[in-house]
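This report describes a single protein chain for a reader at the bench. The sequence and structure come first, and the description follows.

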Amino acid sequence: MAALGELLFYISTQNADCKDNNQLESPSKDNRTTYGWQGRDDFQITLLRIFESLTEESPVILGNPDIFVREILPSLTVLYKGNKDGDARFLCLKILFDVMIILLSEPIQEDQRLKDLKFISNARFLPLYPTLIEDEDPIPIYAQKLLVMLLEFSFITIPDILHLKTISQCFEFLLGDLSNANVNNVKLCLALASAPEMESKLLSHLKVVRRIGNFLEFVYAKGMEDLLEPTLGLCRAFLARSVSCTKAFSYTTEPTLLGDCPPELSGGAVDPQQCIKDIADFGSNVGVLLELSASTETNIADIASECVVLLLKAAPREATTGILTNLPKVTVILENWNRGIPHLMVQRMLHALGYACKQYLLHAMILSISIPEISRIEVIVSELKSSRVPALAKTAGLAALELQRLPRCI
C-alpha cells in the first residue's frame, strides 16, 4: 500500500510540473512525445482504478489510515487540479469521497489524524470546490455530498465558505429543473441559512424566497419524502431570520401571537440589514404549510406549523390572507385535537387562527371567507375551551374572542 501511495504521489507531482510548464511546450512535438503522454495517461487511469477498487474494501483503508490521509488524499487533490481527462478528475474526487466516508465511519482517536483530515478538508478540498461544482457531471454531485458531510462533521465550518459566489452557487439548483434537485442541495442551503455567521442581507440579496416556496410545493406534490423535511427546515430558517430582525428579539418555538405580548407590541426597532426583504412571498404557500401541519409525521407537522406562526409574525397581511382563505385546512387540524395530534400543533393553529382574525379587522381586509366554515370552527374552538390542558383551553378562549369579532356578512 505504501508503494502505491508513493507512486500516486510521484504521478501527481509530475502532473503538477506538466501543468506549470505547459505554456513552454512546443505545439510541434514529435509522435514519440505524444505516445509518451498517452501512455502516462493510461497508466494514471489504471492506477486510479486500482485505488477505486480498494475503496470497496474498508478494512484496507482502516488498516492503513496514515498512508491514505498523508499521501493518497493530498495527491488526489493535486492530480485533479492538473488533469484534462474528465474520467481521471472524477475518479480523483470519487476516491477522495469514498475514503473520507470510510475514515469518518469510525471514531477517530488520534488528534494528529483529526488535524490532518481538517487540513485536507480546508486546504486541499475547499479551494477546489468552486471548480468542482462547475465541472462535468457527476463531479458536482459528489463535491456537494462531500461538502455537506464535512460540514456535518465540523471539519469545515460555515465561515469557511461564506463567499458570495459560493453562496449563490448553492442556491442555483432552484433555477433549473426541480426534479434534478437532491437532498444535498437542500441540506447545504439549510446549513447556510441556519448558521449564525451568515449575514441575512446576503440571503436577502439572492431573492430566492419565492423559489424556495415553489420548491416546497413541488416536493410535496411529487411525494419526494427525503426532501420534504429539509425543505421545510429551509423555509423555517428564512422565516426565523426575518422575524429575528427585530432588535432584542428572543426566539421561541412556543406560539406568542395572542395574549399579553403579541408581536406588534413585543418588539423593538427593526434592523433592515437583518431582514429578508422578499419574505412575504411565502404567503402564497400557506395552503401547503397548513396541509403539512396536519401530517401524521410529527417532525413534518412540527416544522410546518412553526412556519405558519413565523410567517404571521414576518408577513401578517400575506399570511392572514392565506389562512382565512384556507379555513377548511385549519379545521382539519383543530377537529382532531383529541385524536393524538400533539398539543403544541393545535395550540399553534389556535394562535394562527385568532391572530389572522385580528389582522383581518386591523387592516380592514376584504376577503371571501366561508361563513359556514367559520361557524364550524367556532364549534370546535368552543370544545377546546373545555380542554383539560390549560394551555389549549386558554388559547382556545383567546381565539374564540377573535372569531366572534369577525363580521358575519362576509
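How many of the 20 residues of helix 19 are buried? Helix 19 is mostly covered, with 15 of its 20 residues buried. Buried means under 20% relative accessible area, exposed means over 50%, and partly exposed lies in between (1.4 Å probe, protein chains only). Helices (H or I, at least four residues) and strands (E, at least two) are DSSP runs numbered from the N terminus.

This is a predicted model, in which local features need pLDDT of at least 70 and side-chain atom pairs count only at pLDDT 80 or more, while totals for chains, interfaces and linings use all residues. Residues are numbered from 1 along each chain as its sequence is written, and side-chain values use heavy atoms, with hydrogens and water left out.

**Overall make-up**

The protein has 21 helices and 0 strands. Of its 410 residues, 49% are buried. A contact means heavy atoms within 4.5 Å. Among contacts with a separation of 6 or more, 78% are between residues 24 or more positions apart. The protein exposes about 19,600 Å², and carbon and sulfur atoms supply 52% of that area. Accessible areas come from the Shrake-Rupley method with a 1.4 Å probe; for residues, only the protein chains shown count as cover.

**The nonpolar core**

A nonpolar core is a set of buried Ala, Val, Leu, Ile, Met, Phe, Trp, Tyr and Cys residues joined through side-chain atoms within 4.5 Å. The largest one holds 135 residues, and F125, F171, F238, L334 and V381 touch the most other members. Helix 5 (residues 86-104) gives the most to this core, with 13 residues. In soluble globular proteins, nonpolar side chains tend to be buried together. Leaving aside neighbours within four places in sequence, V381 is in contact with L334, L350, L353, A396, A399, A400 and L403.

**Helices 17 and 19**

In helix 17 (residues 316-324), the buried residues are A319, T320, G322, I323 and L324. Their cover includes helix 15 (286-293), helix 16 (298-314), helix 18 (327-334) and helix 19 (343-362).

The expected span of a helix is 1.5 Å times one less than its number of residues. For the 20 residues of helix 19 this gives 28 Å, which agrees with the 28 Å between its end C-alpha atoms.

**Loops with unusual backbone values**

Two residues other than glycine have a positive phi, and a cis peptide bond is listed with them.

| Site | Backbone value | Loop |
|---|---|---|
| S154 | phi near 65° | between helix 8 and helix 9 (164-170) |
| A364 | phi near 50° | between helix 19 and helix 20 (371-384) |
| D137 and P138 | cis, omega about 5° | P138: between helix 7 (129-132) and helix 8 (139-152) |

S154 counts as partly exposed because its relative accessibility is 46%. A364 has a relative accessible area of 61% and is therefore exposed.

**N185**

N185 lies in helix 10 (residues 183-194). With a relative accessible area of 8%, N185 is buried. A polar atom of the N185 side chain lies 2.9 Å from the backbone nitrogen of N182. Apart from neighbours within four places in sequence, N185 is in contact with Q144, C170, F173 and N180.

Key. Polar contact = N/O pair within 3.5 Å; in protein donor to acceptor, adjacent residues only side chain to side chain.
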